[in-house]
Amino acid sequence: EELMTIIAEKKAEPFKLTYSDNDYLYISIGYGEQATGGYSIAVNELYLTDNAVYVNTTLLGPETAVQSENAPSHPYIVIKTEYLDETVIFE
């Protein structure tokens, strides 16, 4: 609930954040307000090295053949992993 509150406050602008509850690590990336709906997010890379967790994502636009909602959207993704006390590097 606390993480969702933070995301709701930040979703209008692009954001990158981490959150942990000592059981899990949550990595969240938001792409800010988009003019329409129909967006998705691809996780290109997510890996652990000796000193950090690396994550790389891409915002995928709505397909032109698909009718998108005309209402603004705020695409974001939350990746849940086991708790790791490592730095997260957003690429």
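**Entry 1: contacts along the chain**

I began with contacts between residues at least 6 apart in sequence, and I noted that 64% of them join residues at least 24 apart. I should keep in mind that the model is predicted. I then went through the secondary structure and found 1 helix and 6 strands, which from the N terminus on follow the order α-β-β-β-β-β-β. For the dimensions, I looked at the C-alpha trace, which spans about 45 × 25 × 20 Å along its principal axes.

**Entry 2: surface and charge**

I looked up how much of the chain is covered, and buried residues come to 27% of its 91 residues. The chain exposes about 6000 Å², and 46% of that area is supplied by carbon and sulfur atoms. Among the side chains I noted 4 positive and 15 negative ones, with 6 Å between the centres of the two sets.

**Entry 3: the nonpolar cores**

Which residues make up the largest nonpolar core? I listed 9 of them: L25, I27, I29, I41, V53, V55, I77, I79 and V88. Strands β2 (24-31), β4 (52-60) and β5 (76-82) each supply at least two residues of this core, and β2 gives the most, with 3 residues. I wrote beside this a general remark, that in soluble globular proteins nonpolar side chains tend to be buried together.

I then followed one member of the core, L25, and, leaving out residues up to four places away in sequence, I found that L25 touches T18, Y19, S20, I79, K80, T81, E82, Y83, L84 and V88. Apart from the largest core lies another core, of 5 residues, and L3, I7, L17 and Y26 are among them.

**Entry 4: aromatic rings**

I searched the whole structure for aromatic pairs and found 3. One of them joins Y19 and Y26, whose rings are 6.1 Å apart centre to centre, with 50 degrees between the planes, and this pair is tilted. Ring pairs also link Y19, Y24 and Y26 into a cluster. Is Y26 buried or exposed? I note that Y26 counts as buried because its relative accessibility is 15%, and the cut-off for buried is under 20%.

**Entry 5: two loop residues**

I compared my notes on two residues that lie in loops. Q34 has its place in the loop between β2 and β3 (40-48), and its relative accessible area is 17%, so Q34 is buried. Not counting residues up to four places away in sequence, Q34 touches Y39, L59, P72, S73 and P75.

N22 lies in the loop between β1 (14-20) and β2, and N22 is exposed because its relative accessible area is 62%, where exposed means over 50%. I also looked up the backbone angle phi of N22, which is near 70 degrees, a positive value in a residue other than glycine.

**Entry 6: a tyrosine in β4**

My last residue was Y54, which lies in strand β4. Which residues does Y54 touch, not counting residues up to four places away in sequence? I found E45, L46, Y47, T49, I89 and E91. I also checked Y54 against V43, which is 11 residues apart from Y54 along the chain, and their C-alpha atoms are separated by 11 Å.

Conventions:
Residues numbered from 1 in each chain as written. Predicted model: local features only at pLDDT ≥ 70, side-chain atom pairs only at ≥ 80, totals over all residues. Heavy atoms only, no water. Core = buried A, V, L, I, M, F, W, Y, C linked by side-chain atoms within 4.5 Å. Buried < 20%, exposed > 50% of the residue type's maximum accessible area, 1.4 Å probe, protein only. Helix = DSSP H or I, 4+ residues; strand = E, 2+ residues; numbered from the N terminus. Contact = heavy atoms within 4.5 Å. Areas by Shrake-Rupley, 256 points an atom, 1.4 Å probe, with all protein chains shown as cover. Lys, Arg positive; Asp, Glu negative; His and termini not counted. Charge placed at Lys NZ, Arg CZ, Asp CG, Glu CD. Phe/Tyr/Trp six-rings, centres within 6.5 Å; stacked < 30°, edge-to-face > 60°.
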